[in-house]
Amino acid sequence: MTVHNADIAAVFEEIADLLEIEGANPFRVRAYRNAAREMEALGVSAAEMVAKGDDLTELPGIGQDLAAKIREIVETGKCKALDKLHLEMPPTITELLKIPGLGPKRVRALYEHLKVKTVEQLAKAAKAGKIHELEGFGPKTEQAIVEALAAHVTEAKRMKLAIAAQYAEPLSEYIAKLPGVKEVILAGSYRRARETVGDIDLLATAKDSAKVMDGFVRYEEVKDVLAQGETRATVMLKSGLQVDLRVVEPDCYGAALQYFTGSKSHNIEIRRLAQEHGLKVSEYGVFKGDKRVAGDTEESVYKAVGLPWIAPELRENHGEIEAARAGKLPKLIEPGDLKGDLHVHTRATDGHNTLREMAEAARAAGLDYVAITEHSRRLTVAHGLDPQRLRRQMAEIDKLNAELKGITILKGIEVDILENGQLDLPDEVLAECDIVVGAVHSKFNLPRAKQTNRILRAMDQPSFSILAHPTGRLIDTREPYDIDMLKIVRHARERGCFLELNAHPERLDLLDIHCQLAREEGVLVAISSDAHDVRGYANLKYGIGQARRGWLTKEDVLNTRPLKLLRPLLKRTISS
Ligand code: DGT
Ligand code: CA
Ligand code: CA
């Protein structure tokens, strides 16, 4: 059995959830959460490290105890510490944490007083009006729970793209090695780079599909075979990810790929267009009567219906077909277009690597510049910088810049935007930075007008350049804060500010629609990794995917510019 990093991360997350519900020491909880994040971001397989006898404690945030647990999970597939927690509390209880408004304290109260262990029991208790009688709850909270539950059931179980990648990529490599397989590609929402995927759609070409099917269902991580035919099969992996495999003849590849990439509503439009041309499109090809006129490549399918090829990330039936018809498809940004990263942390605050390590890793990632943007003092959990520590870091950056070749370090800060729109550090010290990134890290629940105004006032500050993770949402965990994005985008344009597209797979914030809005309003977007360690730069690819879904071109993105063109764009009105 192969244990993936994501499996280990899931165990640590669950331990953290359960400990938190138990009311354990917050530092212990945080250690597990950090370890989970560490596992998710780890570029190499922890299982392989264990097999090679590597020292796991060299990984940031992993001490002896966590290292032993990682070894245990890799070697036995189990974790005794988690099993023990399960004896104390039902495993289903962590599901409750996903209901907006329910934190660990409330979940514990529901369990202790009402014996609520599952989402269903929660719904029953809420309907019976039992919840508002508990201490710390009230009629309003109860109502909010009822509403949140209604939203929760309609929300199908989806997996974040970067997590799905950990399972989908090795499976795809496995299929590619099966006898007779020519091509394998991950289609569906995965290829369209959606933030989350419902299931994985694998497409393979081979002459003899039956052999491929046999190999597929024998993959060691298959838990259940849900359906198996001659050319298609559906399995459930142990990770909970469902996979559809479709095998077609090599000359159908283009048509099948076009079909299984979707989206469904894009495909429906393409078929309608084909009808206008007297054609029929299916996963086997494009047909005029009985005659097959296209289908070996995707380009040929689009060409047959009078269109240029459309990038998968655009295929959501959000205007891409009209744009293609009018010859107005954007030339989308590509991974190699990024020249720098404008949001990175080091060990000075909550990052794991040193300044030098982060700079060298940026260079190794092919970047020409990197802005070090630590948290500011208000964010005490991250050990945020005060003016003195920030200035000390700037001096260190000057020294490193004099020494390092092939990378320029920019002096930056991720300054907290306070509730009244003021920034967490004085103007004079911000003016000494090359770049000021500002972010909301507190008071997420302000009413719309106040929250919007808070951000507008921050942009009014002379040194403010980039609004980091503009909506604050965490996929599946935290709703965006309530803001008027159009106002913010327009104010950014007026003030010469930019919006960040945070590339962390849990954030992907800006959303695609906001990227489009920024583009239409002429505000450049910065695609930034928010790296907290040297492997964090790898997340830039998810930022690129999201930017492409938001129709952004190289021109629309701030950090595709070489440094000498970037500098004049950064607001430096009061700096020397
Ligand atoms: P997901 O899995 O929910 O993240 O989203 P998709 O887009 O991967 O959807 P999925 O897995 O149900 O289907 C994969 C592709 O297959 C979909 O994007 C388009 C194609 N497809 C599936 N069902 C239909 C259908 O009824 N009509 C058409 N035209 N295409 C379909
Ligand atoms: Ca799918
Ligand atoms: Ca599917």
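Which side chain has an N or O atom 2.3 Å from a nitrogen atom of ligand 1? In this predicted model, that side chain belongs to R271. Two further polar contacts involve oxygen atoms of the ligand. An N or O atom in the side chain of S189 lies 2.5 Å from an oxygen atom of ligand 1, and an N or O atom in the side chain of R192 lies 2.9 Å from an oxygen atom of ligand 1. Taken alone, ligand 1 exposes 600 Å², of which 72% is buried by the protein. The surroundings of ligand 1 comprise 16 residues, and R158, S189, G198, D199 and R271 are the closest. Ligand 1 occupies the second largest pocket.

D199, listed among the residues closest to ligand 1, also takes part in metal binding. D199 forms a bridge between the calcium ion (ligand 2) and the calcium ion (ligand 3), and the two ions are 3.8 Å apart. For the calcium ion (ligand 2), the protein donors are D199, through both O and OD, and D201, through OD. These donors are found 2.2 to 2.7 Å from the ion.

The calcium ion (ligand 2) has six donor atoms, with angles among them of 70 to 163 degrees, and its site is irregular. In general, ideal angles for six octahedral donors are 90 or 180 degrees. Of the residues that donate to the calcium ion (ligand 2), D201 has a relative accessibility of 16%. D201 therefore counts as buried, because the cut-off for that class is under 20%.

Key
Residues numbered from 1 in each chain as written. Chains lettered and ligands numbered in written order. Predicted model: local features only at pLDDT ≥ 70, side-chain atom pairs only at ≥ 80, totals over all residues. Heavy atoms only, no water. Donors = N, O, S within 2.8 Å, 3.2 Å for Na, K, Ca; no water. Tetrahedral: all angles 85-135°; square planar, octahedral: opposite > 155°, others 65-115°. Buried < 20%, exposed > 50% of the residue type's maximum accessible area, 1.4 Å probe, protein only. Near = heavy atom within 4 Å. Polar contact = N/O pair within 3.5 Å; in protein donor to acceptor, adjacent residues only side chain to side chain. Areas by Shrake-Rupley, 256 points an atom, 1.4 Å probe, with all protein chains shown as cover. 1 Å grid on protein atoms, 1.4 Å probe; cavity = no way out; pocket = protein on both sides within 12 Å on 5 of 7 lines; lining within 4 Å. Sits in = over half its atoms within 2 Å of the grid points.
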